[in-house]
Amino acid sequence: MYRAGETVIVTQDDVNRVGVVLDQYIAAKQTVYDVLLENRSALCMITTAPKNNTRINRQLTAKLCNTDNASIIEHTIPYKELVEAEELPITKS
């Protein structure tokens with residue numbers, strides 16, 4: 001599971017993008033995430049299931065955005081500043 005503020009790799013139609021998790025919640029017995037991508041696009045209710053065209057890529061995220069060691073990839077979104085200024089996009093459906 002990913003927490004708000006964590007860097008993730010999102011695969012959308014075989015294109016990988018870097019994003020930050022905005023929120024996580026349960027819908028239809030699945031954990032789903034709202035993610036803000038580097039290009040400031042928000043994706044709502046995406047999962048980690050490999051069968052989906054748009055998903056959080058667990059394997060790439062584990063390899064490139066590892067929180068235990070120094071991350072190879074880190075998002076450039078000013079997440080903490082956006083939270084403090086209450087300027088995060090509202091993404092829940």
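## Burial, cores and polar pairings in a predicted chain

Of the 93 residues of the protein chain, 38% count as buried. The model described here is a predicted one, and every value below was computed from it. The chain has 2 helices and 5 strands, and when it is read along the sequence these elements follow the pattern β-β-β-β-β-α-α.

The overall dimensions come next. Along its principal axes, the C-alpha trace of the protein chain spans about 35 × 35 × 25 Å. A compact globule with 93 residues would have a radius of gyration near 12 Å, and the 13 Å of the protein chain agrees with that value. Among the contacts in the protein chain with a separation of 6 or more, 43% are accounted for by residues 24 or more positions apart.

### The nonpolar cores

The largest nonpolar core has 10 residues, and its members are Tyr2, Val8, Val10, Val21, Tyr33, Val35, Leu37, Leu43, Ile46 and Ile56. The elements that give two or more residues to this core are β1 (7-12), β3 (30-37) and β4 (42-46), and of the elements it is β3 that gives the most, with 3 residues. Apart from this core lies another, of 6 residues, including Val20, Leu22, Leu36 and Tyr79.

Val21, one of the residues of the largest core, touches Tyr2, Arg3, Ala4, Gly5, Glu6, Val8, Tyr33, Asp34 and Tyr79, when residues up to four places away in sequence are not counted. Among these partners, Tyr2, Val8 and Tyr33 are listed in the largest core, whereas Tyr79 is listed in the other core.

### Arg3 and Glu6

Which side chains meet in a salt bridge? The structure holds 1 salt bridge, and it is the side chains of Arg3 and Glu6 that meet in it, at 3.8 Å from N to O. Glu6 is found in the segment before β1. The two partners differ in burial: Arg3 counts as exposed because its relative accessibility is 59%, over the 50% cut-off, while Glu6 counts as buried because its relative accessible area is 15%, under the 20% cut-off. A further link involves the backbone, since the backbone nitrogen of Arg3 lies 2.7 Å from a polar atom of the side chain of Glu6.

### Asn16 in strand β2

Asn16 has its place in strand β2 (residues 15-27), and with a relative accessible area of 44% it is partly exposed. Leaving out residues up to four places away in sequence, Asn16 touches Ile9, Val10, Thr11, Asn57 and Leu60. With one of these, Thr11, the side chain of Asn16 forms a polar contact of 2.6 Å. Asn16 and Arg58 are 42 residues apart in sequence, and in space they are 12 Å apart, C-alpha to C-alpha.

### Cysteines and a summary of accessibility

A disulfide is a covalent bond between the sulfur atoms of two cysteines. In this structure the count comes to 0 disulfides. Cys44 counts as partly exposed at 34% relative accessibility, and Cys65 counts as buried at 7%. The table places these two cysteines beside the residues discussed above.

| Residue | Relative accessibility and class |
|---|---|
| Arg3 | 59%, exposed |
| Glu6 | 15%, buried |
| Asn16 | 44%, partly exposed |
| Cys44 | 34%, partly exposed |
| Cys65 | 7%, buried |

Notes:
Residues numbered from 1 in each chain as written. Predicted model: local features only at pLDDT ≥ 70, side-chain atom pairs only at ≥ 80, totals over all residues. Heavy atoms only, no water. Core = buried A, V, L, I, M, F, W, Y, C linked by side-chain atoms within 4.5 Å. Buried < 20%, exposed > 50% of the residue type's maximum accessible area, 1.4 Å probe, protein only. Helix = DSSP H or I, 4+ residues; strand = E, 2+ residues; numbered from the N terminus. Contact = heavy atoms within 4.5 Å. Disulfide = S-S within 2.5 Å. Polar contact = N/O pair within 3.5 Å; in protein donor to acceptor, adjacent residues only side chain to side chain. Salt bridge = Lys/Arg side-chain N within 4 Å of Asp/Glu carboxyl O. Rg over C-alpha atoms; globule rule 2.2 N^0.38 Å.
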